[in-house]
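Trainee: Hi, do you have a moment to go through a model with me? I'd like to start with the aromatic side chains.

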Amino acid sequence: MAFSSLNEFFAMGGHGLYVWAAWGITALLMLVIVLHARLERSQLLKGIKRRVRRQNAQPQAAQTPVNSAQRDVRNDA
């Protein structure tokens with residue numbers, strides 16, 4: 001092992017504060033990214049469910065024919 005004690009390992013030859021702060025900030029940001037993605041996903045799913053419920057609650061309007069051929073077929077039936 002390159003360090004003779006655990007204290008020396010954490011001190012990292014005088015650079016420990018920088019090294020461990022960088023590790024901590026990185027871990028914190030990774031945690032924030034995961035939590036943010038979960039929150040966005042749940043909000044998106046709630047929005048989709050709301051829209052589906054709203055669409056199912058409203059009566060569907062009859063589709064109007066796009067061209068005269070479709071109108072003729074409907075009138076023949």
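Trainee: So, which residues form one aromatic cluster here?

Mentor: Those are Phe9, Phe10 and Trp20. Keep in mind that this is a predicted model.

Trainee: Good to know. And how many aromatic pairs does the structure hold?

Mentor: There are three aromatic pairs. In one of them, Phe9 and Trp20, the ring centres sit 5.8 Å apart and the planes meet at 65 degrees, so this pair is edge-to-face. The cut-off for that class is over 60 degrees.

Trainee: Where do Phe9 and Trp20 lie in the chain?

Mentor: Phe9 belongs to helix H1 (residues 6–11) and Trp20 to helix H2 (residues 16–57), so their contact ties together parts that are eleven residues apart in sequence.

Trainee: Are those two rings' residues buried, exposed or partly exposed?

Mentor: Phe9 counts as partly exposed at 26% relative accessibility. Trp20 is also classed as partly exposed, at 33%.

Trainee: OK, and what kind of pair do Phe10 and Trp20 form?

Mentor: A tilted one, with 5.7 Å from centre to centre and 50 degrees between the planes. Phe10 is in helix H1 while Trp20 is in helix H2, so this pair ties together parts ten residues apart in sequence. As for its surroundings, Phe10 is partly exposed, with a relative accessible area of 42%.

Trainee: Let's switch to the surface. Which residues form the nonpolar patch?

Mentor: Leu6, Phe10, Trp20 and Trp23, with about 470 Å² of accessible area together. Helices H1 and H2 each supply at least two residues of that patch. Two of its members, Phe10 and Trp20, are in the aromatic cluster as well.

Trainee: What about the whole chain: how much area does it expose?

Mentor: About 7400 Å², and carbon and sulfur atoms supply 62% of that. Buried residues make up 3% of the 77 residues in the chain.

Trainee: Stepping back, what are the elements of the chain?

Mentor: Three helices and zero strands. Reading from the N terminus, the order is α-α-α.

Trainee: Which element has the lowest mean pLDDT, and which the highest?

Mentor: Helix H3 (residues 68–76) has the lowest, with a mean of 58, while H2 has the highest, with 94. For the chain, the average pLDDT is 84, and 75% of the residues score at least 70.

Trainee: New topic: where does UniProt place the "transmembrane region" feature?

Mentor: The record, an unreviewed entry, puts it at residues 20–39. In the model, that stretch is 100% helix and 0% strand, and its end C-alpha atoms are 28 Å apart. The annotation may be inferred rather than shown by experiment.

Trainee: One last thing, about the backbone. What is the phi of Met12?

Mentor: Met12 has a positive phi of about 50 degrees although it is not a glycine. For context, most residues other than glycine have a negative phi.

Trainee: And where is Met12 found?

Mentor: Met12 is in the loop between H1 and H2. Those two helices are also the ones that hold the paired rings of Phe9 and Trp20.

Trainee: Thanks, that helps a lot!

Conventions: Residues numbered from 1 in each chain as written. Predicted model: local features only at pLDDT ≥ 70, side-chain atom pairs only at ≥ 80, totals over all residues. Heavy atoms only, no water. Phe/Tyr/Trp six-rings, centres within 6.5 Å; stacked < 30°, edge-to-face > 60°. Helix = DSSP H or I, 4+ residues; strand = E, 2+ residues; numbered from the N terminus. Buried < 20%, exposed > 50% of the residue type's maximum accessible area, 1.4 Å probe, protein only. Areas by Shrake-Rupley, 256 points an atom, 1.4 Å probe, with all protein chains shown as cover. Patch = residues over 30% accessible without salt bridge, like charges linked within 9 Å, V, L, I, M, F, W, Y side chains within 5 Å. Salt bridge = Lys/Arg side-chain N within 4 Å of Asp/Glu carboxyl O. pLDDT = per-residue confidence, 0-100.
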